[in-house]
Amino acid sequence: MKPALTVLCIALSAALSSQAQTTLRIRGSDTLGAKLVPSLAEAFKKQGGKASFDIAAEGSTTAFTNLAAGTAEIGMSSRKIKPDERTLCRSKSIDIHEIDIAWDMITVVVNKSNPVTDLKKKHVMQIFAGDIRDWSELGGAPGPISVYTRNTSSGTYRDFMFMAMKGREYGHYTQKMAGNEQIVSEVAANVNGIGYIGYAYVGSKGIKVVPVGGEIPNPAAVKSYSLSRPTFLYTNGEPAGILKEFIDFCLSPAGDAIISRAGFVPLSQVR
Amino acid sequence: MDSPESSGRPPLRNLIVRSRTRAVPGMDPQKIIQSFFGASASAAVIVLVLIMVFLLLEGIDFLPTYQRELQTYRRAGLELCDIADTPLKQQQALASLLRRAGAAANDPQVKAALSDAEDAFDTAIEPAAEVLDELKAHALETKGLAVEFHTLETSRQTLLKAAASTDDPAVKAGLLMDAEAATIAPVNFSGRILPLLERREELAAKLHDYTAALEKAAAALPAGNALTDEVRAAMPAHIAEVQTAATNLKTWDADRPVSMFSVIGAFFFGTRWITNSYWQDFYGFVPLLTGSVVIAVIAILIATPVSVTAAIYTNQFASEREKEIIKPVIEFIQAIPSVVLGFIGIALVGDLIKGVSEWSWLQWVSGFPIQERLNMFNAGCLLAFMAVPTMFSLSEDALNNVPRAYIDASDALGATKLQTVFRVIVPAGISGILSAILLGLGRVIGETMVVLLVAGNRIAIPDFSAGPGVIFQPAHTLTGIIAQELGEVSRGSSHWQALFMVGIVLFAISLLVNGCARAVARRFESHKA
């Protein structure tokens with residue numbers, strides 16, 4: 001009886017500990033979680049990393065709510081952590097550790113058949129704040145502008161407000177889409193649509209990139225592009241064990257290749 | 001009489017129903033089964049009550065939290081800035097009209113005049129905007145301090161509470177030290193508001209200058225253009241608003257308390273739902289409610305004729321074979337997951353509606369050609385489709401319940417089949433049909449996935465001045481906002497609580513609709529008897 005019980009206990013604890021070690025729960029940004037992090041995870045597993053991944057991407061805010069609740073090992077965020085989120089994590093005795101992972105460039109896109117070829121920075125602000133309502137005001141064909149933005153939990157939503165709109169409020173008439181994919185499909189389906197997406201999505205059908213103030217997003221010159229931003233992974237404390245292995249892999253040359261392929265700019269190439 | 005039967009019965013039934021002699025003393029098997037059934041019924045009631053209690057517990061704190069936030073909004077001076085900012089924002093709408101007029105004009109002289117006018121509009125607002133921007137920056141800084149103080153104070157209280165409940169002295173000392181580190185001085189609102197108060201005269205003067213400059217620019221506008229006429233027509237109202245704002249600035253009082261009454265008003269009658277903002281979050285309920293109501297009305301208007309006529313046909317005219325096909329097919333609709341319908345809405349119905357709206361011979365329809373394929377009409381169509389099975393089955397039941405004698409009597413009087421249906425059967429079953437419609441409405445109001453994917457998610461009150469074409473505008477809904485935002489907000493924040501308040505209201509609406517359905521059924525039932 002007794003040996004049997006011991007064996008059972010050992011088996012159980014082994015099962016539990018292996019479970020805890022190998023499943024990495026990753027939560028947060030849609031920009032990172034839709035393509036980049038899953039492909040990094042896939043490659044990590046392929047090159048022999050002993051971990052399974054559970055990834056859900058519903059906006060950067062979820063990274064911190066999940067870290068604070070202890071329901072994620074890694075939080076992905078397309079913006080820096082806010083002070084009140086830091087406090088929240090501290091009060092749950094989570095020690096937030098920040099890792100730069102890659103740079104992203106927010107890209108303003110319009111429908112492929114839109115004749116507008118260039119927008120001033122001021123115009124972009126006015127369009128998204130609802131001051132400019134019609135394409136004819138910008139030299140396009142007359143038609144009310146349909147503005148598609150990310151939803152309010154998105155890091156991109158907030159970053160764009162800060163980087164392109166000087167902190168102004170989005171106009172009432174903007175439509176809040178669930179993710180980059182949805183913005184792409186609506187802009188592609190609507191001649192009068194405009195939206196912003198992560199650089200990873202610029203190759204999608206039916207849309208075209210509009211230069212903002214003469215700037216076109218270019219991976220070779222990330223830092224000089226005004227809508228570029230670093231993206232982050234957050235962990236509880238200094239990463240260790242399999243977590244550290246995974247993050248080291250992300251920052252390795254092999255990781256860099258995947259990051260470039262996913263439409264981001266790896267840290268080693270940021271200039 | 002009972003002894004010969006008992007030998008033939010199966011043993012289990014014997015045990016349950018009959019032989020009391022073998023039962024545990026004091027435990028009647030029949031009573032046990034009864035109470036089991038009773039427990040199942042009461043479990044449903046208890047769960048319902050628990051849901052209500054849970055919603056109330058999470059949501060009820062919203063009012064005090066929102067009151068505190070609005071109080072900060074006022075005391076930090078953000079409200080003062082908004083008094084001037086709200087009317088000034090309309091200047092952009094007017095400038096937008098001028099730009100459009102300029103783009104449409106062919107005559108170079110008119111074009112130049114309009115361009116000058118637009119420049120004049122822009123320069124007119126600059127001095128006021130400059131002052132306002134400075135005031136806004138100051139107010140925002142005050143608010144930032146207040147928020148930081150509140151966050152640290154809450155976490156300090158949490159730490160202190162944790163310290164009080166622990167017994168280990170080392171842990172206790174650590175927690176107390178953390179709490180000590182989180183102590184900062186509260187914000188001196190009355191001191192920080194002074195620069196704003198001092199400069200409001202200046203701002204008011206700038207606003208008056210602005211109206212004067214604007215009037216001058218408007219007078220110089222070229223005539224005979226629909227868009228410039230629109231600008232000219234909107235001008236008096238705009239100027240009056242700015243001037244009222246200038247007087248309101250002077251009477252504004254930072255220390256006036258925000259009453260609970262006005263907080264309730266701000267939630268239930270607020271027209272702005274703004275979250276994750278740099279400036280100020282507002283939780284106004286009206287845009288979401290209008291979205292939900294308009295979509296529900298569209299869905300019911302489509303679903304009612306379809307399901308009721310289908311029910312009449314199936315009940316009165318269809319052959320047995322037809323019945324065997326129609327009923328299961330309609331009821332099968334219910335089995336389609338709503339997320340699948342949502343994807344159909346995006347991929348198929350949206351493009352279909354948009355394509356049809358571009359047909360040239362349909363351009364007389366209000367709102368055509370439509371711009372957004374994700375809109376309220378699209379969502380309404382899909383919800384109608386989802387409501388049809390409920391409404392069809394219940395209407396059909398109602399028609400089935402019409403006493404045979406009524407129909408026979410009608411036939412005996414020589415009425416045709418159609419006369420019988422419309423004069424006898426439908427009026428007799430009207431209570432059931434009405435309650436079927438109301439229950440369909442309940443289903444439509446509560447549906448989430450389809451509206452989240454298909455309604456277009458624009459948080460604004462639809463522009464009803466567009467006439468019936470308003471149904472082709474996008475909107476956001478009560479259910480959609482909960483689904484979209486609840487997963488992402490931090491627990492216990494004002495935003496979290498606001499979403500629970502929305503949940504409470506939604507729950508109340510559902511109860512009301514279901515209550516109405518029951519009341520309708522009962523009221524007409526008594527007439528029939």
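# Exercises on a two-chain model

Asn457(B) is placed in the loop of chain B that runs between helix 18 (449–454) and helix 19 (478–485). The structure to which this residue belongs is a predicted model, and the exercises below work through it piece by piece.

**Exercise on backbone angles in loops**

Task: Determine whether Asn457(B) is buried or exposed, and decide whether Lys166(A) is buried or partly exposed.

Solution: Begin with the backbone of Asn457(B), whose phi is near 50 degrees, a positive value in a residue that is not glycine. Most residues other than glycine have a negative phi, and that is the reason for looking at such a place with care. Next, take the surroundings: 26 other C-beta atoms lie within 10 Å of Asn457(B), and since 20 or more are required for a residue to count as buried, Asn457(B) is buried.

Now turn to chain A, where Lys166(A) also has a phi near 50 degrees, again positive in a residue other than glycine. Lys166(A) sits in the loop between helix 7 and strand 6 of chain A. With 13 other C-beta atoms within 10 Å, Lys166(A) is partly exposed.

**Exercise on a cis peptide bond**

Task: Find which residue is joined to Pro369(B) by a cis peptide bond, and where in chain B Pro369(B) lies.

Solution: The bond in question joins Phe368(B) and Pro369(B), and its omega is about -10 degrees. Most peptide bonds are trans. Pro369(B) belongs to the loop between helix 14 and helix 15 of chain B.

**Exercise on the two faces of a helix**

Task: For helix 3 of chain A, work out which residues are buried, and then which residues are exposed on the other side.

Solution: The buried residues of helix 3 (residues 36–46) of chain A are Leu36(A), Val37(A), Leu40(A), Ala41(A) and Phe44(A). Looking down the axis, these buried residues of helix 3 of chain A fall within an arc of 130 degrees, so they line one face of the helix. An α-helix has 3.6 residues a turn, so residues three or four places apart point the same way. The other side of helix 3 of chain A holds the exposed residues Glu42(A) and Lys46(A). Just after helix 3 of chain A comes Gly48(A), which takes a positive phi of about 105 degrees.

The same reasoning can be tried on chain B, where helix 11 (residues 260–268) has Val263(B), Ala266(B) and Phe267(B) as its buried residues. These cover an arc of only 95 degrees around the axis, and therefore they are on the same side of helix 11 of chain B. Exposed on the face turned away from this buried side of helix 11 of chain B are Phe261(B), Ser262(B) and Gly265(B).

**Exercise on crossing helices**

Task: Which residues of helix 13 of chain B meet helix 15 of chain B, and what is the handedness of the crossing between helix 14 of chain B and helix 15 of chain B?

Solution: Consider helix 13 (residues 320–333) and helix 15 (residues 376–400) of chain B, which pack at an angle of about 135 degrees with their axes 7 Å apart. That angle makes helix 13 of chain B oblique to helix 15 of chain B. The crossing of helix 13 of chain B with helix 15 of chain B is left-handed. In this contact, Ile330(B), Glu331(B) and Ile333(B) of helix 13 meet Phe385(B), Val388(B), Pro389(B), Phe392(B) and Ser393(B) of helix 15 of chain B. By class, the residues of this contact between helix 13 and helix 15 of chain B are six nonpolar, one polar and one charged.

Then take helix 14 (residues 338–357) of chain B, whose axis comes within 10 Å of that of helix 15 of chain B and crosses it at roughly 135 degrees. Helix 14 and helix 15 of chain B are therefore oblique to each other, and helix 14 passes helix 15 of chain B in a right-handed crossing. The residues making the contact include Leu341(B) and Val349(B) of helix 14 of chain B and Leu382(B) and Phe385(B) of helix 15 of chain B. Nine nonpolar, four polar and no charged residues make up the contact of helix 14 with helix 15 of chain B.

**Exercise on the contact between the chains**

Task: Establish how many residues each chain brings to the contact, and which helix of chain A supplies the largest share of its side.

Solution: Chain A brings 36 residues to the contact and chain B brings 32 residues. On the side of chain A that touches chain B, the elements that each supply at least two residues include helix 4 (60–69), helix 7 (155–163) and strand 6 (175–177) of chain A. The largest share of this side of chain A, five residues, comes from helix 5 of chain A. Sorted by class, the residues of the side of chain A that touches chain B are nine nonpolar, 17 polar and 10 charged.

Technical notes: Residues numbered from 1 in each chain as written. Chains lettered and ligands numbered in written order. Predicted model: local features only at pLDDT ≥ 70, side-chain atom pairs only at ≥ 80, totals over all residues. Axes fitted to C-alpha atoms, helices over the stretch in contact; angles between N-to-C directions. Helix = DSSP H or I, 4+ residues; strand = E, 2+ residues; numbered from the N terminus. Parallel < 35°, antiparallel > 145°, perpendicular 65-115°, else oblique. Left-handed = near helix turned anticlockwise from the far one by under 90°. Contact = placed C-beta atoms within 7 Å. Nonpolar A, V, L, I, M, F, W, Y, C, P; charged D, E, K, R; others polar. Buried ≥ 20, exposed ≤ 12 C-beta atoms within 10 Å, placed from the backbone. Arc of directions from axis to C-beta.
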